[in-house]
Amino acid sequence: MNAVTQHTLTIMLQNETGALVRVAGLFASRSYNIDSLNVAATADPAISKLVLSIRGDDQAVVQIVRQTRKLIDVLEVSHQATAD
Amino acid sequence: MPRNRNIVNAQLMNTKSTPAPAGDLHPLAAKSMSGAEVIVQVLADEGVDVMFGYSGGAILPVYDAVFRYNATHPNDDGSEPLPLIVPANEQGAGFMAAGYARASGKVGVAVVTSGPGATNMVTPVRDSMADSIPMVVICGQVGVAAIGSDAFQEAPVSTIMGACAKHVFLVTDASVLEATLRTAFEIARSGRPGPVVVDVPKDVQNTALTFAGQGQLPIPGYRARLRNVQSAQLDDAGCASFFDALAQARRPLIYAGGGVIASGAAEALRDFVADFGLPVTTTLMGLGAFDTTDPLALHFLGMHGTAYANYAVEDCDFVLTLGARFDDRVAGVPDKFAPRAKFIAQVDIDPAEIGKVKAVDWHHIGDLRRTLERLREYGAAHGIHPRQDGRYAAWHAHIAELKRVHALNYDHDSELIQPYAVIEAINRITDGHAIISTGVGQHQMWAAQYFDYRAPRHWLSSGSMGTMGFGLPAAIGAQFARRDATVIDIDGDGSIRMNLGELETVTTYGLPVKIVLLNNRGDGMVRQWQKLFFKGRFASSDKSLHTKDFIKAVQADGFTWARRLERKEELADTIAEFLAFEGPAFLEVMIDPDAGVYPMVGPGMSYAQMITGDFIASRQRAAGDETLRNDMF
Ligand SMILES: Cc1ncc(C[n+]2csc(CCOP(=O)(O)OP(=O)(O)O)c2C)c(N)n1
Ligand SMILES: [Mg+2]
């Protein structure tokens with residue numbers, strides 16, 4: 001079993017109706033707990049930037065990152081493990 | 001809603017859809033149309049030839065536009081180009097669209113009103129998502145200004161459907177309606193297919209617009225990822241490592257799923273097997289991806305798969321997974337799935353499925369058909385022909401022996417009509433060429449087990465969601481997709497009740513759908529689990545006191561051929577007559593209520609612990625099986 005660590009995901013998101021709910025809903029429906037979530041505007045008003053942190057083992061986080069990339073309005077997802 | 005859709009990222013910019021070249025203009029470009037007319041025109045442009053739906057206040061402009069389109073664009077034979085088929089319940093419309101899509105490979109379309117119309121559509125949308133079926137569902141919505149006011153027939157469709165569908169659009173800006181509709185089709189059919197919901201407020205349907213005839217929404221992230229997987233070519237090194245591993249194997253097996261059907265890779269799979277000689281077992285969803293009558297076919301695997309398929313999985317030393325996902329009905333205990341396999345390979349279009357349940361030793365993310373063709377080319381160029389070399393002769397002999405010894409079987413001497421015999425009798429006539437839809441339960445598993453499936457898109461069943469009530473509307477949708485095909489709904493007395501209203505839809509549209517009701521007076525599959533796990537306490541699953549006369553019910557709905565079969569001796573003749581009837585026909589068969597589905601790999605069990613029942617030979621007649629059997633009753 002992989003160790004549970006803190007992970008930070010940065011998601012660039014098209015600013016569409018319901019896009020934020022879909023990201024949050026994806027994490028909820030796959031039983032990932034979001035520890036913190038920060039949504040910020042970017043220089044491009046059509047794009048917002050989400051930074052969220054979750055805890056999980058590496059494999060679980062790889063899976064949720066892949067699932068996030070399946071959301072249509074997600075532009076990019078980057079992922080950083082922050083050992084604590 | 002932001003109008004500025006410029007995307008900063010230059011790499012993503014490149015992936016924006018290119019406008020059609022000048023000179024290639026849509027003949028209706030620049031024409032004034034209402035939003036509703038735009039919707040109908042895009043549907044026509046996308047090749048839609050039938051839709052399913054139920055009207056209501058919030059979708060009336062679209063219904064009116066469909067009516068006018070049909071009146072002004074009749075086909076040469078006078079028929080409507082965009083017939084709108086009306087079910088008894090929107091769930092029926094959703095499953096009709098899904099049945100159409102499953103039988104044809106084209107996008108199924110359903111059009112419903114807001115609020116209850118849309119919420120009745122949730123089950124088919126989720127069902128299609130879970131089975132990767134392409135659909136576009138258009139829902140009416142209350143006017144933009146009323147959204148969020150608890151208006152009459154308002155439901156939060158984008159929130160509800162967003163959690164169930166591949167994608168959902170709420171169109172609050174009429175100027176993007178046309179591009180949104182077109183994009184919905186693109187998303188539904190591309191990559192791993194799925195349902196897309198477009199929620200269209202009534203005032204958007206009524207807005208005066210100018211038709212562009214082209215253009216999609218920028219969805220640069222999705223398109224970039226899609227282009228990556230679609231262009232992904234298996235390179236020489238990838239091919240080499242695949243064949244190096246295969247060269248070590250003596251007992252390789254292909255485990256093929258619904259992805260083979262979705263990607264149109266069945267022919268490529270057949271050619272691959274012809275070249276390399278790997279036996280094939282499919283998932284329930286993959287039935288028809290490989291001709292089940294082929295000597296190298298093992299029919300399907302898993303919880304109620306054939307014993308010989310499951311034993312082959314136990315015995316194999318190499319697994320090639322094609323468009324399958326180690327679902328819990330297949331790999332209940334992932335660690336014990338294919339325990340002797342030294343190498344597991346996986347090809348899928350969805351990166352999230354690689355290694356999701358079971359770690360694999362080799363994978364390729366990309367189009368299945370092209371991947372299989374690429375492996376064949378590589379094999380041919382490098383003189384790899386294990387089949388011709390006789391490398392798998394012993395394995396093939398073993399497979400043939402497994403199929404012979406552990407064949408499906410049942411009680412042939414019983415006085416009662418055995419459901420398996422009913423399906424065998426139909427199969428003798430249809431010979432693997434009929435389109436079969438099902439409800440959910442024992443009858444579904446018997447239909448999966450005892451029919452032959454010679455080609456893709458002949459087996460229509462709710463695999464992942466397991467939705468009772470799927471069979472009848474799916475058969476209706478399939479008949480619209482394949483007007484000349486024999487379409488048979490194998491249904492259960494519980495399942496058919498769920499969408500019983502659609503019986504009338506069959507006769508209203510004069511469809512020659514054949515319905516076989518395997519009546520065991522109750523929820524047989526539930527009873528089977530209650531026998532196994534609840535000491536035979538049949539809580540709410542026994543319906544022997546229910547009084548419905550199905551024959552009278554279907555006669556009331558206009559079926560002229562409707563019969564109840566109760567005597568074993570009449571089975572063959574009745575079925576021949578039933579299938580020969582030209583119009584809609586309904587055959588109720590009173591079956592042995594105690595007939596079970598075997599084999600069975602119980603939840604949380606490995607294939608080695610499979611129960612095969614009294615009539616299928618088991619490999620472990622000894623210890624394990626007996627303990628389980630004592631527990632059963
Ligand atoms: C909509 C829905 N509700 C409940 C279930 C749970 N369930 C699975 S099989 C089954 C019994 C089905 O009975 P019937 O259609 O008569 O089929 P049989 O097993 O008797 O062949 C039930 C209740 C389900 N799959 N779908
Ligand atoms: Mg039943």
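About 2,100 Å² is buried between chain B and chain A, and carbon and sulfur atoms give 54% of that. Buried area here is the accessible area (1.4 Å probe) that two parts lose on being put together, summed over both. This is a predicted model, in which local features need pLDDT of at least 70 and side-chain atom pairs count only at pLDDT 80 or more, while totals for chains, interfaces and linings use all residues. Residues are numbered from 1 along each chain as its sequence is written, chains are lettered from A and ligands numbered from 1 in the order in which they are written, and side-chain values use heavy atoms, with hydrogens and water left out.

Back to the interface: 28 residues of chain B are in contact (heavy atoms within 4.5 Å) with 22 residues of chain A. One salt bridge turns up between the two chains: Asp350(B) pairs with Lys70(A), with the closest N and O atoms 2.5 Å apart. The term means a side-chain nitrogen of Lys or Arg within 4 Å of a carboxyl oxygen of Asp or Glu. On the chain B side, β6 (167-170) and α10 (220-231) each give two or more residues, and α10(B) gives the most, with four. Helices (H or I, at least four residues) and strands (E, at least two) are DSSP runs, numbered from the N terminus.

Now for the metal. Which protein atoms hold the magnesium ion (ligand 2) as donors? They are Asp493(B) (OD), Asn520(B) (OD1) and Gly522(B) (O), lying 2.0 to 2.1 Å from the ion. Donors are N, O and S atoms within 2.8 Å of the metal (3.2 Å for Na, K and Ca); water is not among the atoms, so sites may look incomplete. Asp493(B) sits in helix α20 (residues 493-498), and Asn520(B), 27 residues away, in the loop between β18 (514-519) and α22 (524-533). Both Asp493(B) and Asn520(B) are buried, meaning under 20% relative accessible area, with exposed over 50% and partly exposed in between (1.4 Å probe, protein chains only).

Then there is some backbone geometry. Most residues other than glycine have a negative phi, and most peptide bonds are trans. Two residues in chain B have a positive phi:

| Residue | Phi | Loop in chain B |
|---|---|---|
| Phe326(B) | near 50° | between β12 (318-322) and β13 (343-348) |
| Arg457(B) | near 65° | between α18 (442-450) and β16 (459-460) |

Phe326(B) is buried, with a relative accessible area of 2%. The peptide bond from Tyr598(B) to Pro599(B) is cis, with omega near 0°.
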